[in-house]
Amino acid sequence: MSLTRFIKDVLRRPEAIPTPGAIFYNATVAKVLRKPETKIANDIVEEMGNGAILDLGSGTGYLAIEIAERSPGLQVYGIDLSRQMVKIARRHAKGAHNARFVFGNAAKLPFKDNSIDLVISTGASHHWKTPRMVFDECYRVLKTGKEAWIYDGCPEVFNNRADRRKMNEEYGFLVSRLGPGVSTLHGFTGEEYQSFIKGMLEQTAFKGNYQMALTDIWMKITLKKRK
């Protein structure tokens, strides 16, 4: 086993970030991801004016709150397996009356069938212990014809030097320089997306109804619930 694989396996063992990690995440990582997540919020607000959005692995709540504050017609739910993350998110959400954060497992969502208009997730899927169950849960709660947008790390995003220069200008040194290493440890390689992730998706209710594309600093998986 390679050192990289060993480190990735160790990092993925705790599905829920423990309290010290949640506090550290809120003080550091959440701030680094703020600009990239703002872009995602822009896309969602432009796409949707009303409905229900579910953020899987919502962390400290920035993305969900950003969407809720900018689009009062949306009801935004965040779910996380870390009680500390949920606590921090609720504190951040004071005043955002259409944002609600709950403690729970993405593999067993506390939402009714056909009740959600969009499922989103950023940087969480590599932590899921039972990803196939999570994707099937996404399918269950989504309304017919609606989509799930799953974003996670992919080091190939940073292969193009021109793109890395643009990221440096837009997001700063940490994202452009540390991004490849962070994406390798906290995400999947392009090969893993095309083999492991694709093979798994073919065993879910989304079989044949998904696309993968490198977008900004992410690999984006778009899944659609068809009739």
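This report describes the fold, the central sheet, one pocket and one residue of a predicted protein model.

## Basis of the description

The model is predicted, so local features are given only at a pLDDT of at least 70 and side-chain atom pairs only at pLDDT 80 or more, while totals for chains, interfaces and linings use all residues. Residues are numbered from 1 along each chain as its sequence is written, and side-chain values use heavy atoms, with hydrogens and water left out.

## Overall composition

The protein has 10 helices and 7 strands; helices (H or I, at least four residues) and strands (E, at least two) are DSSP runs numbered from the N terminus. Of its 227 residues, 48% count as buried, where buried means under 20% relative accessible area, exposed over 50%, and partly exposed in between (1.4 Å probe, protein chains only).

Among contacts between residues at least 6 apart in sequence, 73% join residues at least 24 apart. A contact means heavy atoms within 4.5 Å.

## The sheet

An open sheet of 7 strands has the order 3-2-1-4-5-7-6, with mixed pairing. Strand 3 (99-103) and strand 6 (210-215) stand at the edges; each has a single partner strand, so one side of each lacks a neighbour in the sheet. From one strand to the next, the twist averages 20°. Two strands pair if DSSP finds at least two bridges between them. Strands of a sheet pair through backbone hydrogen bonds, either parallel or antiparallel.

Strand 1 (residues 51-56) runs parallel to strand 2 (residues 74-80), and 6 bridges join them. In this pairing, Leu56 stands opposite Ile79, and Asp55 stands opposite Gly78. Strand 2 is mostly covered, with 6 of its 7 residues buried. Strand 1 is also joined to strand 4, by 4 bridges in a parallel arrangement; here Leu54 stands opposite Val119.

## Strand 4 and a packed helix

For strand 4, 7 of the 7 residues are buried, so this strand is largely enclosed by the rest of the structure. Strand 4 runs parallel to strand 5, and 6 bridges join the two. One facing pair is Ser121 of strand 4 and Ile150 of strand 5.

Returning to the pairing of strands 1 and 2, which run parallel, helix 5 (residues 62-70) packs on the sheet and touches strand 1, strand 2, strand 3 and strand 4. The direction of helix 5 makes about 170° with that of strand 2. Axes are lines fitted to C-alpha atoms, for helices over the stretch in contact, and angles run from 0 to 180 degrees between N-to-C directions.

## The second largest pocket

The second largest pocket has a volume of about 190 Å³. On a 1 Å grid over the protein atoms alone, a cavity is a set of points where a 1.4 Å probe fits but cannot get out, whereas a pocket is an open set with protein on both sides within 12 Å along at least five of seven lines; lining residues have an atom within 4 Å of a point. Grid points are joined across faces, edges and corners, and a volume is the space filled by probe spheres set on the points.

The lining includes Glu47, Met48, Asp117, Lys146 and Trp149. Strand 4 (116-122) and strand 5 (142-152) are the elements that give two or more residues to this lining, and strand 5 gives the most, with 4 residues. By class, the lining has 3 nonpolar, 3 polar and 4 charged residues. Ala, Val, Leu, Ile, Met, Phe, Trp, Tyr, Cys and Pro count as nonpolar, Asp, Glu, Lys and Arg as charged, and the others, Gly among them, as polar.

## Asp163

Asp163 lies in helix 8 (residues 161-171). Asp163 is partly exposed, with a relative accessible area of 37%. The C-alpha atoms of Asp163 and Ile217 are separated by 9.6 Å, although these residues are 54 residues apart along the chain.
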